[in-house]
Amino acid sequence: MRIGEIRQLIKVKPAERDATLRRLARCHDIDDLRSAARRLIPRPVFDYVDGGADEELAMAANRAAFQRRRFIPRALADVSQVDTRATVLGRTQPLPLVLGPTGYSRMMHPAGEIAVARSARRHRLAYTLSTMATTTIEDVARSASGADLWFQLYIQRDDGLTKELTARAQTAGYRTLMVTVDTVVPGRRIRDERNGLIIPPALTAGTLAGIAIRPGYWIRMLRNPAIGFANFPGLGAKTIASSGSMFDPSITWDNITELRARWPGTLILKGPLGAEDASRAVSSGVDGIVLSNHGGRQFDRAVVPLDLLPRVRAAVGPDFAVLVDSGIRHGSDIAVALAMGADATLIGRAYLYGLMAGGEAGVDTAIDLLSAQFTRTLQLLGVHSAAELRTIGTELLTS
Ligand SMILES: Cc1cc2nc3c(=O)[nH]c(=O)nc-3n(C[C@H](O)[C@H](O)[C@H](O)COP(=O)(O)O)c2cc1C
């Protein structure tokens, strides 16, 4: 057989010229993106994303809870077409997925929050900008105009600052205000303490050593504007733990009532967990909740949000918006969440691994992987739509 004939038999994809795209093409699931990120990013930064609070019990339990769920699929159901759309707080999206708030994104990649917001816009998914963002509220709104933007609020000790942040988000066109209620004091993340992480990453003896192993990261960082707490000009470098001193530990349900009166758009709470707090959220007049333990980064002995879903759904009724996060790394996890009563899901680390592995294109890869996995899960389940799964899901779950 001649070489030409062999070539015809073996079709090899043409090599991708761009090193980032080449790297991303080798990522077949979120775990591959995580491995790529780990190879590229200095350890203190990677650990900041990857780690959890204290003994990392909650973080491990979050993953285990998704992984242990099993479905009984329905055979012969004609799944040639499946509809993955979901209505999330009044807007229809191609997937029941929202990009959750994560602080300091420009530390993971200089394109940071803008890259994530643009990728979300491209996929017509909502993106939540964190109070602790490294790009201003206004810059993200300008650079990703047309995106469904949500703003995550940490209620500040300084009430004037809280009012200013919400007013800026409203003026800049953010549709939804997400108030995080599980961070009255910062969780203790031992990896960050051991690594001596401060923001922005500084040139210590440790980081100098890191430059030798991860030169690409540092060259990118030094070529781009310095990182800071963009929405709090004048705040100097801080350790992660000390930046939490701005949060108000004395907040109560009265703060939510007050915000409800002031914020004209959609208002949701992120981080109430039990059925009792969920019912309280309904009566406080908010539009929805995100069941979350902050990806296991706050209270290490907190319950797994997914496990609470059926009880919370029963307490708040079928129409109140309940989103869930903490532990989602696969499209099947999104299916599990819907089957157990969630209207949609939020992700944090899944897209950050993509951001670290390849900037905006990496976030695209993360979303595309989750989307393809979710579609295939519906087909293999014998379910025709995300809406159908949300309605009949408990019948298909074995545990
Ligand atoms: C690096 C990082 C930074 C985060 N920063 C914030 C934040 O500023 N505000 C917030 O409400 N949640 C924050 N979170 C929590 C996420 O919004 C989300 O609840 C969590 O990541 C979900 O778990 P998962 O990472 O397993 O998807 C952060 C999470 C990570 C990983």
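**Exercise 1. Helix packing**

Task: In this predicted model, which residues of α3 meet which residues of α18, and how are the two helix axes oriented?

Solution.
Step 1. List the contact. On the α3 side the residues are I30, L33, R34, A36, A37 and L40; their partners in α18 are A350, Y353, G354, M356, A357, G362, T365, A366, L369 and L370.
Step 2. Sort these residues by character. The contact of α3 with α18 divides into 12 nonpolar residues, three polar and one charged.
Step 3. Take the geometry. Helix α3 spans residues 30–40 and helix α18 spans residues 349–381; their axes come within 10 Å and cross at roughly 175°.
Step 4. Classify the angle. Angles over 145 degrees count as roughly antiparallel, so α3 is roughly antiparallel to α18.

**Exercise 2. The ligand surroundings**

Task: How many residues are around the ligand, and which come nearest? Which polar atoms of S130, R329 and R349 pair with the ligand?

Solution.
Step 1. Count the surroundings. There are 22 residues around the ligand, and P101, S130, T180, D325 and G327 come nearest.
Step 2. Take the side chains. An N or O atom in the side chain of S130 is 2.7 Å from an oxygen atom of the ligand. For R329, an N or O atom of the side chain is 3.0 Å from a ligand oxygen.
Step 3. Take the backbone. R349 contributes a polar backbone atom, 2.9 Å from an oxygen atom of the ligand.

**Exercise 3. Two residues with positive phi**

Task: Where do D78 and S326 lie, and is each buried or exposed?

Solution.
Step 1. Read the backbone angles. D78 is not a glycine, yet has a positive phi of about 45°. S326, also a residue other than glycine, has a positive phi near 90°.
Step 2. Place them. D78 is in the loop between α5 (57–67) and β1 (86–88). S326 is in the loop between β11 (321–324) and α17 (331–339).
Step 3. Compare accessibility with the cut-offs. D78 has 56% relative accessibility and therefore counts as exposed, since the limit for exposed is over 50%. S326 has a relative accessible area of 6% and is buried, the limit for buried being under 20%.

**Exercise 4. Surroundings of F232 and S143**

Task: Which residues does F232 touch, and which does S143 touch, leaving out residues up to four places away in sequence?

Solution.
Step 1. Locate F232. F232 is in the loop between α12 (215–223) and β8 (238–239), and at 6% relative accessibility F232 counts as buried.
Step 2. List the contacts of F232. They are T131, M132, Q156, L161, L165 and M246.
Step 3. Relate sequence to space. F232 and T136 are 96 residues apart in sequence, while their C-alpha atoms are 8.9 Å apart.
Step 4. Turn to S143. S143 belongs to helix α8 (residues 137–143) and touches I114, R118 and R121. S143 has 19% relative accessibility and so counts as buried, as the limit is under 20%.

**Exercise 5. A loop position**

Task: Is A15 buried or exposed, and how many residues separate A15 from M178 in sequence?

Solution.
Step 1. A15 is found in the loop between α1 (3–9) and α2 (19–25).
Step 2. With a relative accessible area of 74%, A15 is exposed.
Step 3. A15 and M178 are 163 residues apart in sequence, and 43 Å apart from C-alpha to C-alpha.

Conventions
Residues are numbered from 1 along each chain as its sequence is written. This is a predicted model: local features need pLDDT of at least 70, side-chain atom pairs count only at pLDDT 80 or more; totals for chains, interfaces and linings use all residues. Side-chain values use heavy atoms; hydrogens and water are left out. Axes are lines fitted to C-alpha atoms, for helices over the stretch in contact, and angles run from 0 to 180 degrees between N-to-C directions. Helices (H or I, at least four residues) and strands (E, at least two) are DSSP runs, numbered from the N terminus. Angles under 35 degrees count as roughly parallel, over 145 as roughly antiparallel, 65 to 115 as roughly perpendicular and the rest as oblique. Contact means heavy atoms within 4.5 Å. Ala, Val, Leu, Ile, Met, Phe, Trp, Tyr, Cys and Pro count as nonpolar, Asp, Glu, Lys and Arg as charged, and the others, Gly among them, as polar. Buried means under 20% relative accessible area, exposed over 50%, partly exposed in between (1.4 Å probe, protein chains only). A residue is near a molecule or strand if one of its heavy atoms lies within 4 Å of it. A polar contact is a pair of N or O atoms within 3.5 Å; within protein, one must be able to donate a hydrogen and the other to accept it, and residues adjacent in sequence count only if both atoms are side-chain atoms.
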